[in-house]
Amino acid sequence: MNTIDVNGVRLAYDVQGEGEPMLVVHGGFWADVLRPLASEPALNGYRRIQYHRRGYGESSGPAGGFDAQVADAVALLDHLGVDAAHVVGHSEGAMIGLALAAAHPERVRSLSLLEPLAPTGWLATHGFDVVLETFGAVAEASIGRYQAGDPEGATDVIFAETIPDWRDIVETASPGGLAKADWATFYETEFAGLGEWQLGPEQAAVIDCPVLSWKADQENPIAVAGRAFLHDLFAQCEDTDLEDATHFSPFVRPAEVAEQVARFLAHRSAVLT
């Protein structure tokens, strides 16, 4: 991978393909699990920019909050001479995509959001108290396991109920991924930031680009709340669902997810032409 020094860290990145720029933003723990998705033929018409977020993979730390993540993404786009990009983000990466679009709407051509978490403030005011309580309980139990010296067990607390084979999925998407997991970056910095992140109508009002909500058809209440959040803030939000899927399907079924994103972008191009 290539590297650049920005904002006090060294970011690792690479670029593949030609066409309209696409920034691919991974979630927590593993830096390379979206690589199969970005490499799918359905996205060959885009210049796909992948990078390891600060504190992950080949990028250096320290880890940072959403403001730092946005600054890193902007610096990378500047370095590559990209005025604006389609953004594809998964989980926390989708939240970073939203934060980027809110802070710099002119830099984002579209948002393909693969199951972001809804902000806790929004959950509290829109009748999702059960989801908020579940998130709090999972966070407490997971961080407790991490602090006891069991990071993999801590992650099991988060995913075991909805994705029992999550270890196999990570290893398939990124061989050796479990051994390369950046546990400290997530548990010591980013997990708390997920609960503190907020995005409301005022910030969302500046985001007028096309928005896609991708969701697994699994009735995960956290994902259901995330979609409701997107529709509450974005009248232009379009939906796509993947049958018999989970939150990790972008890793294990990348061809199908890439085709869904490609259809959304093709539809967007047709509407704007």
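## Pockets, cavities and helix packing

The largest pocket in this predicted model has a volume of about 650 Å³. Its lining is made up of 31 residues, and the ones closest to the centre are L117, I158, F159, I222 and H247. Four elements give two or more residues each to that lining: α5, α6, α8 (183-196) and α10 (221-233). Of these, α5 hands over the largest share, with four residues. Sort the pocket lining by class and you get 20 nonpolar, eight polar and three charged residues.

Now for the enclosed spaces. Rolling a probe the size of a water molecule over the atoms shows where empty space is left. Here the count comes to three cavities of 30 Å³ or more. The largest cavity holds about 80 Å³ of space, and the second largest holds about 50 Å³.

What lines the largest cavity? The residues are L117, A118, T120, L123, V131, F135, L194, I222 and A225. In terms of elements, α4 (120-125), α5 and α10 each put in at least two residues. By class, this lining has eight nonpolar residues, one polar residue and no charged ones. Two names will look familiar: L117 and I222 line this cavity and also turn up among the residues closest to the centre of the largest pocket.

The second largest cavity sits among another set of residues: V24, H26, A31, D32, V33, L34, R35, Q50, Y51 and H52. Strand β4 (residues 46-52) gives the most to this lining, with three residues. The class mix is five nonpolar, three polar and two charged.

Here are the three spaces in one place.

| Space | Volume | Lining by class |
|---|---|---|
| Largest pocket | about 650 Å³ | 20 nonpolar, eight polar, three charged |
| Largest cavity | about 80 Å³ | eight nonpolar, one polar, no charged |
| Second largest cavity | about 50 Å³ | five nonpolar, three polar, two charged |

On to the helices, starting with α5 and α6, both of which help line the largest pocket. Helix α5 (residues 129-147) and helix α6 (residues 151-159) have axes 7 Å apart and pack at an angle of about 165 degrees. The two are therefore roughly antiparallel to each other, and α5 passes α6 in a right-handed crossing. On the α5 side the contact is made by V138, A141, S142, R145 and Y146, and on the α6 side by P151, G153, A154, T155, V157 and I158. Those contact residues split into seven nonpolar, three polar and one charged.

Helix α6 has another partner in α8. How do their axes cross? They come within 10 Å and cross at roughly 55 degrees, so α6 and α8 are oblique to each other. This time the crossing is left-handed, with α6 passing α8. P151, E152, A154, T155 and I158 of α6 meet W183, F186, Y187 and F191 of α8. By class, that contact comprises seven nonpolar residues, one polar and one charged.

I158 is a handy residue to click on. It belongs to the contact of α6 with α5 and to the contact of α6 with α8, and I158 is also one of the residues closest to the centre of the largest pocket. P151, A154 and T155 likewise take part in the contact with α5 and in the contact with α8.

Finally, a couple of backbone oddities. Most residues other than glycine have a negative phi, and most peptide bonds are trans. Against that background, the peptide bond from G61 to P62 is cis, with omega near 10 degrees. P62 lies in the loop between β4 and α2 (66-79). The other case is N7, which isn't a glycine yet has a positive phi of about 50 degrees. You'll find N7 in the loop between β1 (2-6) and β2 (9-16).

How values were computed: Residues are numbered from 1 along each chain as its sequence is written. This is a predicted model: local features need pLDDT of at least 70, side-chain atom pairs count only at pLDDT 80 or more; totals for chains, interfaces and linings use all residues. Side-chain values use heavy atoms; hydrogens and water are left out. Axes are lines fitted to C-alpha atoms, for helices over the stretch in contact, and angles run from 0 to 180 degrees between N-to-C directions. Angles under 35 degrees count as roughly parallel, over 145 as roughly antiparallel, 65 to 115 as roughly perpendicular and the rest as oblique. A crossing is left-handed if the near helix is turned anticlockwise from the far one by less than a right angle, and right-handed if clockwise. Contact means heavy atoms within 4.5 Å. Ala, Val, Leu, Ile, Met, Phe, Trp, Tyr, Cys and Pro count as nonpolar, Asp, Glu, Lys and Arg as charged, and the others, Gly among them, as polar. On a 1 Å grid over the protein atoms alone, a cavity is a set of points where a 1.4 Å probe fits but cannot get out, and a pocket is an open set with protein on both sides within 12 Å along at least five of seven lines; lining residues have an atom within 4 Å of a point. Grid points are joined across faces, edges and corners, and a volume is the space filled by probe spheres set on the points.
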